Amino acid sequence: MKKKFSFLLTTVLAAGTLLAACGDGGNGDEEQGADGAEGDVFSAKMVTDTGGVDDRSFNESAWAGLQAFEDDFDVEVDYLQSGDASDYAPNLNRLAREGTDLTFAIGFLMEDDIRSVAEQNADQQFAIVDTVVANDDGDTYENIANITFAEHQGSFLVGVVAGLQTETDQVGFIGGVESPLISKFENGFKAGVLAVNPDAEITVQYAQDFNDASRGQGIADTMYGGGVDIIYHAAGGTGNGVFTEAIDRARNGENVWVIGVDQDQHAQGDYDGGNVTLTSMIKRVDEAVYQVSEQTMNGEYPGGEIIEFGLEDNGVGIAETQDNVSEEALQAVEEYKQMILDGEIDVPHNDDEFEEYESSL
(Lines give C-alpha, C1' and ligand atoms only; values in the text may rest on other atoms or scores of the structure.)
Protein backbone atom coordinates (compact mmCIF):
# COMPACT_ATOMS: atom_id res chain seq x y z
CA MET A 1 0.00 0.00 0.00
CA LYS A 2 1.41 3.40 -0.95
CA LYS A 3 0.45 6.47 1.03
CA LYS A 4 1.32 10.14 0.75
CA PHE A 5 1.42 12.54 3.65
CA SER A 6 1.40 16.34 3.79
CA PHE A 7 4.32 17.87 5.63
CA LEU A 8 3.86 19.42 9.03
CA LEU A 9 6.57 21.97 8.16
CA THR A 10 8.01 21.58 11.65
CA THR A 11 10.63 24.15 12.49
CA VAL A 12 13.98 22.39 12.54
CA LEU A 13 17.04 24.06 14.01
CA ALA A 14 20.07 24.42 11.77
CA ALA A 15 21.69 21.02 11.46
CA GLY A 16 25.12 22.35 12.32
CA THR A 17 23.87 23.73 15.63
CA LEU A 18 22.10 20.49 16.41
CA LEU A 19 25.18 18.45 15.70
CA ALA A 20 27.37 20.72 17.78
CA ALA A 21 24.96 20.26 20.65
CA CYS A 22 25.03 16.48 20.44
CA GLY A 23 28.78 16.02 20.03
CA ASP A 24 30.40 13.11 18.22
CA GLY A 25 28.79 10.15 19.92
CA GLY A 26 25.08 10.43 19.23
CA ASN A 27 22.77 11.83 21.87
CA GLY A 28 25.42 12.26 24.54
CA ASP A 29 25.97 8.81 26.08
CA GLU A 30 25.69 6.10 23.43
CA GLU A 31 25.30 3.44 26.07
CA GLN A 32 22.19 5.01 27.57
CA GLY A 33 19.83 3.76 24.86
CA ALA A 34 16.31 2.41 25.32
CA ASP A 35 17.39 0.07 28.08
CA GLY A 36 18.46 3.15 30.07
CA ALA A 37 15.11 4.89 29.67
CA GLU A 38 12.76 5.27 32.59
CA GLY A 39 9.15 4.08 32.46
CA ASP A 40 7.47 4.08 29.08
CA VAL A 41 9.54 6.75 27.36
CA PHE A 42 9.22 6.32 23.59
CA SER A 43 12.52 5.82 21.79
CA ALA A 44 13.32 6.49 18.13
CA LYS A 45 16.88 5.86 16.96
CA MET A 46 18.72 5.63 13.69
CA VAL A 47 21.66 3.90 12.06
CA THR A 48 23.61 6.09 9.62
CA ASP A 49 25.10 4.83 6.41
CA THR A 50 28.83 5.29 5.80
CA GLY A 51 28.41 8.99 5.05
CA GLY A 52 28.01 9.60 8.76
CA VAL A 53 25.75 11.88 10.72
CA ASP A 54 27.67 15.01 9.72
CA ASP A 55 27.61 14.42 5.95
CA ARG A 56 25.91 17.82 5.39
CA SER A 57 23.30 15.92 3.45
CA PHE A 58 21.12 12.85 3.89
CA ASN A 59 22.12 11.45 7.29
CA GLU A 60 22.43 14.90 8.83
CA SER A 61 18.90 15.76 7.70
CA ALA A 62 17.53 12.55 9.23
CA TRP A 63 19.26 13.28 12.54
CA ALA A 64 17.90 16.84 12.52
CA GLY A 65 14.41 15.37 12.15
CA LEU A 66 14.90 13.08 15.14
CA GLN A 67 16.24 15.91 17.25
CA ALA A 68 13.26 18.08 16.36
CA PHE A 69 11.03 15.17 17.40
CA GLU A 70 12.88 14.99 20.72
CA ASP A 71 12.47 18.73 21.25
CA ASP A 72 8.70 18.55 20.70
CA PHE A 73 7.94 15.44 22.76
CA ASP A 74 9.19 13.71 25.90
CA VAL A 75 11.05 11.01 23.98
CA GLU A 76 14.51 9.52 23.61
CA VAL A 77 16.48 9.70 20.37
CA ASP A 78 19.96 8.57 19.41
CA TYR A 79 22.04 7.38 16.49
CA LEU A 80 24.70 4.78 15.77
CA GLN A 81 27.26 5.70 13.15
CA SER A 82 28.44 3.15 10.59
CA GLY A 83 32.11 3.27 9.64
CA ASP A 84 31.58 0.85 6.76
CA ALA A 85 28.92 -1.48 5.42
CA SER A 86 29.91 -4.27 7.82
CA ASP A 87 28.57 -2.10 10.67
CA TYR A 88 24.99 -1.97 9.37
CA ALA A 89 23.71 -5.30 10.70
CA PRO A 90 25.46 -5.08 14.10
CA ASN A 91 24.15 -1.55 14.64
CA LEU A 92 20.60 -2.49 13.69
CA ASN A 93 20.79 -5.58 15.89
CA ARG A 94 22.06 -3.54 18.81
CA LEU A 95 19.09 -1.18 18.70
CA ALA A 96 16.70 -4.13 18.35
CA ARG A 97 18.23 -5.85 21.39
CA GLU A 98 17.88 -2.65 23.40
CA GLY A 99 14.16 -2.66 22.69
CA THR A 100 14.12 0.58 20.71
CA ASP A 101 10.52 1.45 19.84
CA LEU A 102 11.39 2.55 16.29
CA THR A 103 14.69 1.91 14.55
CA PHE A 104 15.52 3.77 11.32
CA ALA A 105 17.93 2.52 8.69
CA ILE A 106 19.08 5.64 6.85
CA GLY A 107 19.68 4.70 3.24
CA PHE A 108 18.95 2.02 0.68
CA LEU A 109 22.36 0.43 1.23
CA MET A 110 20.93 -1.17 4.38
CA GLU A 111 18.11 -2.97 2.58
CA ASP A 112 19.54 -6.48 2.93
CA ASP A 113 20.65 -5.92 6.51
CA ILE A 114 17.34 -4.55 7.75
CA ARG A 115 15.51 -7.42 6.04
CA SER A 116 17.57 -9.96 7.95
CA VAL A 117 17.37 -8.11 11.26
CA ALA A 118 13.62 -7.54 10.92
CA GLU A 119 13.04 -11.22 10.16
CA GLN A 120 14.99 -12.14 13.29
CA ASN A 121 13.17 -9.56 15.44
CA ALA A 122 9.56 -9.81 14.37
CA ASP A 123 8.35 -7.98 17.49
CA GLN A 124 10.48 -4.90 16.79
CA GLN A 125 9.45 -1.91 14.63
CA PHE A 126 11.77 -0.66 11.90
CA ALA A 127 11.74 1.91 9.12
CA ILE A 128 14.04 2.42 6.17
CA VAL A 129 14.58 5.51 4.06
CA ASP A 130 14.88 5.42 0.27
CA THR A 131 13.86 1.90 -0.60
CA VAL A 132 11.12 -0.69 -0.30
CA VAL A 133 12.05 -3.91 1.48
CA ALA A 134 10.18 -6.97 0.25
CA ASN A 135 10.45 -10.74 0.64
CA ASP A 136 10.90 -13.30 -2.14
CA ASP A 137 7.19 -13.10 -2.93
CA GLY A 138 7.34 -9.35 -3.35
CA ASP A 139 5.45 -8.64 -0.13
CA THR A 140 6.54 -5.95 2.31
CA TYR A 141 7.25 -6.69 5.97
CA GLU A 142 4.75 -5.75 8.63
CA ASN A 143 7.56 -4.55 10.90
CA ILE A 144 9.28 -2.31 8.31
CA ALA A 145 7.89 1.06 7.22
CA ASN A 146 9.21 2.03 3.79
CA ILE A 147 9.89 5.76 3.31
CA THR A 148 10.40 6.92 -0.28
CA PHE A 149 10.60 10.21 -2.16
CA ALA A 150 9.86 11.46 -5.67
CA GLU A 151 13.48 12.52 -6.20
CA HIS A 152 13.04 12.57 -9.96
CA GLN A 153 10.49 15.38 -9.68
CA GLY A 154 12.71 17.63 -7.57
CA SER A 155 15.69 16.81 -9.78
CA PHE A 156 13.70 17.86 -12.84
CA LEU A 157 13.24 21.32 -11.32
CA VAL A 158 16.94 21.87 -10.59
CA GLY A 159 17.60 20.56 -14.10
CA VAL A 160 15.44 23.40 -15.42
CA VAL A 161 17.63 25.86 -13.50
CA ALA A 162 20.82 24.28 -14.85
CA GLY A 163 19.53 24.20 -18.42
CA LEU A 164 18.65 27.89 -18.35
CA GLN A 165 21.75 29.14 -16.55
CA THR A 166 24.56 27.16 -18.17
CA GLU A 167 26.78 29.40 -20.25
CA THR A 168 28.64 26.57 -21.98
CA ASP A 169 25.64 24.34 -22.70
CA GLN A 170 27.50 21.61 -20.82
CA VAL A 171 26.27 20.35 -17.46
CA GLY A 172 27.24 17.38 -15.32
CA PHE A 173 25.76 14.88 -12.91
CA ILE A 174 27.82 13.04 -10.29
CA GLY A 175 26.13 10.12 -8.54
CA GLY A 176 27.26 8.20 -5.47
CA VAL A 177 26.59 4.50 -5.97
CA GLU A 178 24.91 3.46 -9.21
CA SER A 179 21.46 2.19 -8.26
CA PRO A 180 17.76 2.54 -9.12
CA LEU A 181 17.49 5.25 -6.47
CA ILE A 182 20.27 7.50 -7.77
CA SER A 183 19.03 6.85 -11.31
CA LYS A 184 15.91 8.81 -10.31
CA PHE A 185 18.07 11.85 -9.53
CA GLU A 186 20.05 11.47 -12.75
CA ASN A 187 17.17 10.97 -15.15
CA GLY A 188 14.92 13.58 -13.60
CA PHE A 189 17.78 16.10 -13.82
CA LYS A 190 18.56 15.27 -17.44
CA ALA A 191 14.88 15.58 -18.36
CA GLY A 192 14.65 19.01 -16.74
CA VAL A 193 17.79 20.27 -18.49
CA LEU A 194 16.60 19.17 -21.93
CA ALA A 195 13.08 20.52 -21.38
CA VAL A 196 14.46 24.05 -21.48
CA ASN A 197 17.74 23.55 -23.34
CA PRO A 198 17.56 20.73 -25.92
CA ASP A 199 21.06 21.61 -27.17
CA ALA A 200 22.70 20.98 -23.80
CA GLU A 201 25.27 18.20 -23.36
CA ILE A 202 24.98 16.24 -20.12
CA THR A 203 27.96 14.34 -18.69
CA VAL A 204 27.20 11.62 -16.14
CA GLN A 205 29.62 9.77 -13.86
CA TYR A 206 29.21 7.67 -10.72
CA ALA A 207 31.81 7.65 -7.95
CA GLN A 208 30.58 4.25 -6.61
CA ASP A 209 30.98 5.71 -3.13
CA PHE A 210 28.96 8.02 -0.90
CA ASN A 211 31.86 8.93 1.38
CA ASP A 212 34.88 9.79 -0.77
CA ALA A 213 35.26 13.55 -1.09
CA SER A 214 38.58 13.24 -2.92
CA ARG A 215 36.95 11.04 -5.54
CA GLY A 216 34.17 13.59 -5.94
CA GLN A 217 36.70 16.38 -6.35
CA GLY A 218 38.61 14.42 -8.98
CA ILE A 219 35.50 13.75 -11.05
CA ALA A 220 34.47 17.40 -10.76
CA ASP A 221 37.95 18.49 -11.86
CA THR A 222 37.62 16.44 -15.03
CA MET A 223 34.11 17.69 -15.77
CA TYR A 224 34.86 21.36 -15.18
CA GLY A 225 38.10 21.00 -17.13
CA GLY A 226 36.13 19.63 -20.07
CA GLY A 227 33.78 22.62 -20.25
CA VAL A 228 31.00 21.71 -17.82
CA ASP A 229 30.03 24.78 -15.82
CA ILE A 230 27.25 23.34 -13.59
CA ILE A 231 27.39 20.02 -11.72
CA TYR A 232 24.48 18.45 -9.85
CA HIS A 233 25.61 15.90 -7.31
CA ALA A 234 23.61 13.14 -5.61
CA ALA A 235 26.56 11.62 -3.85
CA GLY A 236 26.34 12.31 -0.11
CA GLY A 237 29.76 12.98 1.43
CA THR A 238 31.41 12.41 -1.96
CA GLY A 239 29.66 15.55 -3.11
CA ASN A 240 31.65 17.60 -0.60
CA GLY A 241 34.58 17.27 -2.97
CA VAL A 242 32.55 18.81 -5.79
CA PHE A 243 32.13 21.97 -3.71
CA THR A 244 35.86 22.00 -2.92
CA GLU A 245 36.76 21.84 -6.61
CA ALA A 246 34.21 24.48 -7.60
CA ILE A 247 35.48 26.87 -4.91
CA ASP A 248 39.09 26.34 -5.98
CA ARG A 249 38.20 27.18 -9.56
CA ALA A 250 35.99 30.13 -8.62
CA ARG A 251 38.89 31.64 -6.67
CA ASN A 252 40.88 31.46 -9.92
CA GLY A 253 38.19 33.38 -11.77
CA GLU A 254 36.23 30.50 -13.35
CA ASN A 255 32.43 30.73 -13.49
CA VAL A 256 31.40 27.30 -12.22
CA TRP A 257 28.51 26.15 -10.09
CA VAL A 258 27.31 23.25 -7.93
CA ILE A 259 23.73 22.12 -7.38
CA GLY A 260 23.41 20.58 -3.93
CA VAL A 261 21.17 17.78 -2.76
CA ASP A 262 18.93 16.70 0.14
CA GLN A 263 19.44 19.88 2.19
CA ASP A 264 19.88 23.54 1.25
CA GLN A 265 23.63 23.40 0.64
CA HIS A 266 24.04 27.10 -0.06
CA ALA A 267 26.35 27.63 2.92
CA GLN A 268 28.62 24.85 1.70
CA GLY A 269 29.42 26.89 -1.38
CA ASP A 270 30.59 29.94 0.57
CA TYR A 271 34.13 31.23 0.05
CA ASP A 272 35.88 34.55 0.56
CA GLY A 273 34.93 35.77 -2.92
CA GLY A 274 31.33 34.61 -3.17
CA ASN A 275 29.32 31.41 -3.36
CA VAL A 276 29.33 28.54 -5.87
CA THR A 277 26.00 26.93 -4.92
CA LEU A 278 23.52 27.59 -7.70
CA THR A 279 20.61 25.90 -5.89
CA SER A 280 19.87 22.59 -4.15
CA MET A 281 17.31 19.83 -4.59
CA ILE A 282 15.59 19.62 -1.22
CA LYS A 283 14.49 16.23 0.05
CA ARG A 284 12.72 16.50 3.39
CA VAL A 285 14.20 13.45 5.09
CA ASP A 286 13.95 15.37 8.36
CA GLU A 287 10.18 15.75 8.07
CA ALA A 288 9.70 12.15 6.94
CA VAL A 289 11.60 10.80 9.94
CA TYR A 290 9.73 13.17 12.25
CA GLN A 291 6.29 12.21 10.93
CA VAL A 292 6.85 8.46 10.98
CA SER A 293 8.24 8.72 14.52
CA GLU A 294 5.21 10.70 15.67
CA GLN A 295 2.79 8.27 14.02
CA THR A 296 4.48 5.32 15.68
CA MET A 297 4.51 7.02 19.08
CA ASN A 298 0.77 7.63 18.69
CA GLY A 299 0.06 3.96 17.98
CA GLU A 300 -0.23 4.38 14.21
CA TYR A 301 2.98 2.68 13.09
CA PRO A 302 2.86 2.38 9.26
CA GLY A 303 4.51 -1.05 9.13
CA GLY A 304 4.38 -2.70 5.72
CA GLU A 305 3.36 0.54 4.02
CA ILE A 306 5.17 2.43 1.27
CA ILE A 307 5.08 6.09 2.20
CA GLU A 308 5.99 8.50 -0.60
CA PHE A 309 6.82 12.17 -0.13
CA GLY A 310 6.61 14.05 -3.41
CA LEU A 311 6.28 17.40 -5.10
CA GLU A 312 2.61 17.82 -4.28
CA ASP A 313 3.23 17.78 -0.53
CA ASN A 314 6.56 19.64 -0.60
CA GLY A 315 8.52 16.46 0.05
CA VAL A 316 10.94 17.51 -2.70
CA GLY A 317 11.65 20.79 -4.44
CA ILE A 318 14.27 23.50 -4.81
CA ALA A 319 15.96 25.24 -1.89
CA GLU A 320 14.63 28.40 -0.28
CA THR A 321 18.00 30.09 -0.79
CA GLN A 322 17.77 31.42 -4.33
CA ASP A 323 20.39 34.17 -4.40
CA ASN A 324 22.13 32.77 -7.48
CA VAL A 325 19.04 31.67 -9.42
CA SER A 326 17.80 34.01 -12.15
CA GLU A 327 14.23 35.32 -12.21
CA GLU A 328 13.74 33.58 -15.55
CA ALA A 329 14.75 30.26 -14.04
CA LEU A 330 12.56 30.73 -10.96
CA GLN A 331 9.55 31.50 -13.14
CA ALA A 332 10.26 28.45 -15.28
CA VAL A 333 10.53 26.27 -12.16
CA GLU A 334 7.04 27.33 -11.09
CA GLU A 335 5.62 26.69 -14.55
CA TYR A 336 7.17 23.23 -14.85
CA LYS A 337 6.23 22.36 -11.28
CA GLN A 338 2.60 23.04 -12.13
CA MET A 339 2.83 20.98 -15.32
CA ILE A 340 4.17 18.04 -13.33
CA LEU A 341 1.42 18.39 -10.74
CA ASP A 342 -1.21 18.63 -13.48
CA GLY A 343 0.08 15.44 -15.11
CA GLU A 344 1.22 17.20 -18.28
CA ILE A 345 4.78 15.98 -17.72
CA ASP A 346 5.59 12.47 -16.57
CA VAL A 347 9.11 12.79 -15.18
CA PRO A 348 11.27 9.73 -16.01
CA HIS A 349 12.51 7.48 -13.18
CA ASN A 350 15.06 5.39 -15.07
CA ASP A 351 17.09 5.09 -18.28
CA ASP A 352 14.31 3.47 -20.33
CA GLU A 353 11.79 6.12 -19.33
CA PHE A 354 14.31 8.85 -20.07
CA GLU A 355 14.91 7.53 -23.59
CA GLU A 356 11.16 7.58 -24.20
CA TYR A 357 10.95 11.10 -22.76
CA GLU A 358 13.87 12.32 -24.86
CA SER A 359 12.35 10.97 -28.06
CA SER A 360 9.18 12.94 -27.35
CA LEU A 361 10.98 16.31 -27.22
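Two strands pair if DSSP finds at least two bridges between them. In this predicted model, strand S4 (residues 102–106) and strand S5 meet that condition, being joined by four bridges and running parallel. Within this pairing, Ala105 stands opposite Ile128 in S5. The connection from S4 to S5 passes through helix H4 (residues 111–120), and the resulting β-α-β crossover is right-handed.

On its other pairing, S5 is matched with S6, again in the parallel sense and over four bridges. Ile128 stands opposite Asn146 in S6. Ile128 thus appears in both registers, facing Ala105 in one and Asn146 in the other. Strand S5 (residues 126–129) is covered on both faces. Phe126 and Ile128 are buried on one side, and Ala127 and Val129 are buried on the other.

Strand S6 also contributes to a pocket. The second largest pocket has a volume of about 300 Å³. Its lining comprises 17 residues, of which Asp130, Thr131, Val132, Thr148 and Lys184 are the closest to the centre. Two or more lining residues come from each of strand S6 (144–149), helix H5 (151–165), helix H6 (180–196) and strand S14 (306–309). Among these elements, H6 gives the most to the lining, with three residues. By class, the lining of the second largest pocket consists of six nonpolar, five polar and six charged residues.

Note on methods
Residues are numbered from 1 along each chain as its sequence is written. This is a predicted model: local features need pLDDT of at least 70, side-chain atom pairs count only at pLDDT 80 or more; totals for chains, interfaces and linings use all residues. Side-chain values use heavy atoms; hydrogens and water are left out. On a 1 Å grid over the protein atoms alone, a cavity is a set of points where a 1.4 Å probe fits but cannot get out, and a pocket is an open set with protein on both sides within 12 Å along at least five of seven lines; lining residues have an atom within 4 Å of a point. Grid points are joined across faces, edges and corners, and a volume is the space filled by probe spheres set on the points. Ala, Val, Leu, Ile, Met, Phe, Trp, Tyr, Cys and Pro count as nonpolar, Asp, Glu, Lys and Arg as charged, and the others, Gly among them, as polar. Buried means under 20% relative accessible area, exposed over 50%, partly exposed in between (1.4 Å probe, protein chains only). A crossover is right-handed if, with the strands pointing away from the viewer, the path from the first strand over the helix to the second runs clockwise.
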